[in-house]
Amino acid sequence: MLKNKGNFFVLETAHTSMLIRAGETRAEYLYYGDKIGDFTGTELLEAEEEACGLSLFSPWGGTDFREPSILVRSAEGGAACDFRLKSARIAKRECAEELPCSYGEEKCVRLEYFDGVQKLKLILQLTAYADCDAVCVNASLVNAGKKPVYLERFASVQAEVWGKDFSLITYDGGWASERQRHAHKLDLGKCENASFTGTSSNRHNPFVMLAREGEAYGVNLVYSGNHREAAEADDSGRTRLIAGINPFSFSWELNAGETFHAPEGVLVYGKSEEEVSLRMRRFVSRHIVRGKWKEKERPVLVNNWEGTYFDFTRERILDIAKKAAEAGAELFVLDDGWFGKRDSDRCSLGDWVDYAQKTGGIESLADEIRAMGLKFGIWVEPEMISEDSDLYRKHPEYAMKIPKREPVRMRYQLMLNLADPQVQGYVFRAVSRVITATKAEYVKWDHNRMMTDCFDKNTRGGEYYHRYILGLYSVFRKLVERFPKVLFEGCASGGDRFDLGILSYMPQIWTSDNTDARDRIRIQAGTAAAYPQSTMGAHVSAVPNHQTGNRNSLEARFLVACGGLLGYESDLTKATEEELSAIKKQIAFYKEHRMLLQFGEYHALGDAFGGEWAGYLTVSEDKSSAFAVVIVSEYRLGRSNVRAKFAGLDEKAYYRVSLRSPSGDWKEVCTAYGELLVKGSVSLGGIFGDTNVAENSNPVFPRAYLFEKCAAPKKKQS
Ligand code: GLA
């Protein structure tokens, strides 16, 4: 809810308040934190000197020598800006057409500023999402002058808070080790989190937090390209956090009359990191994911990639699909290798036409799979081009290359120049043809390399990275408009582009190529810091694991995958009868509890980043049922003192608690009030003895619990 009294504005959500004072020439944050009932009494704060407040943005050019959020250079070369507040009001929210944007609120606090020398109008729109305690910021800059100006940085959002003892929490890693939590103590210093790969990246996710005991501020971007978050604590006792497009290799020419829109920034406050995560996930489910699949149950899939790689025939695919159908899966996904002459990763990207000798006809293959009662899904990697492809032979100019320079190849492939509208048109048409021909109900959109050799003859160099992303979004926009029922799953070598930009078009993303239960529990825990389980593709794959060589029980792999969108990724024809019947049982269980598993309120358990065990709890909306998984990764024989607090359960409710046996059966182990389960530090000890470790190497020990509300025992009459 938005309130305005005099020159005060309050953005109020269910549990937080953001108080902004619009002064004579500037606006500032007076307060952002736990909800305050009323904002009378703010005169106290008003007494403060204007210039000492907490700023909403910080243009280069004054006496604030901290990290600036805006730097605009005039045609003559000067780079100072002095934006004066011209108006502050509650207004209708306007979103940029070319960028994805959160949705669900019509009104915002609109602040308009003007720089009289450069003739620049700066507009900030702040929107409050009451139900999930998020505030979104949309910043744009209008050139109201007669000459071009050059944006060298234009961050999306700036948070500023009192205190200099915060840590910047980041989620970093690489391929197969995405989104590992790190805490960087600021200590009167600066810390940056940024990507340079052209993607939001598996190296540094755009979601970060400023956190200290008792409070945390989360920031994310609705963006899929190079980003940068910088946090600085200074001696005046303030900490600033800015987030936006990475200013590295960014310089945008803004001509007279033009507007530049920064990607949307998202702010969430909470009393702890966990609370921020909870709110952020809710925000993503309700105000980022959209269309037919929003809060809608997702199918259990079987994907052939790790089962066959490129080496398949129509018969082999049909055999796997048959097993998938028998096991109760609902969707079969034909991965890489079905097009062009694609027998290895050295060719054919760009030739999105049936490899008929291999598939025996993709359209009839899809139909045959559908006849088994499965939906049909297909893999594409449309932003790429192989030099050994008909597309490259016909249109070498479509590839992203710098003239006269040998391009960098990754996985033997080049990227397409999506900054070029002609190439965008090609990609849209090519993918549309695939979907139309196969009637695919699901599309996995992959992206398997980083961006190098950025060049387009019609694009200024400093604009390339962002124009690429705008080009990509324009293709996505048209595709989801044309195929509103298709379930799109984003993928980028696993989770190289797990961000709110992708999720605005594609409701789910393949979390990581690493499906080893030991690593996966950690990767999913880091991902869940900002993204709900309904966005995370999570598959059970074969042992030994193809990435790590590690072996874990089918049960452990399944229970970890239950923390996301369940799939199986192996050659099911090679599974034993015993394994197949276990898989069948697993899928039946998952389907029975699917709403809870995919859309329940998710709580992280334990410590995935250094603790002996980690897991998750997901609780139904009415808290009548819950499911928890605990994965002990550092179990030492003879030691059984593992304890959990199941925060998230209804403290007043009485629950029946059942424990899952390794064979997938459930046994009631106790009944207890929620309060005890939440506060009581429940022992998980002594329960690992029955796990079959005989053939495991470096195994993890899984446990799963079901909580079901039941009638409390009657109190004895005294
Ligand atoms: C990437 C994906 C995998 C698979 C392969 C196919 O690595 O992350 O899931 O689709 O590409 O080449």
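Me: What makes Cys95 and Cys101 a disulfide?
Reply: A disulfide is a pair of cysteine sulfur atoms within 2.5 Å. The sulfur atoms of Cys95 and Cys101 are 2.5 Å apart, so the pair meets that rule. This is a predicted model, where local features need pLDDT of at least 70 and side-chain atom pairs count only at pLDDT 80 or more, while totals for chains, interfaces and linings use all residues. Residues are numbered from 1 along each chain as its sequence is written, and side-chain values use heavy atoms, with hydrogens and water left out.

Me: How many disulfides does the rule give?
Reply: The count comes to one disulfide.

Me: Why is Cys101 called buried or exposed?
Reply: Buried means under 20% relative accessible area, exposed over 50%, and partly exposed in between (1.4 Å probe, protein chains only). Cys101 has 8% relative accessibility, so Cys101 is buried.

Me: And what is Cys95 called?
Reply: Cys95 has 38% relative accessibility, so Cys95 counts as partly exposed.

Me: Why is Cys132 not bonded to Cys136?
Reply: The closest cysteine sulfur to that of Cys132 is in Cys136, 7.8 Å away, so the two are too far apart for a bond. Cys132 is also buried, at 0% relative accessible area. Cys491 is in no disulfide either: the nearest cysteine sulfur, in Cys347, is 19 Å away.

Me: How do you know whether Cys491 is buried or exposed?
Reply: Its relative accessibility is 5%, so Cys491 counts as buried.

Me: What makes Lys485 buried or exposed?
Reply: Lys485 has a relative accessible area of 63%, so Lys485 is exposed.
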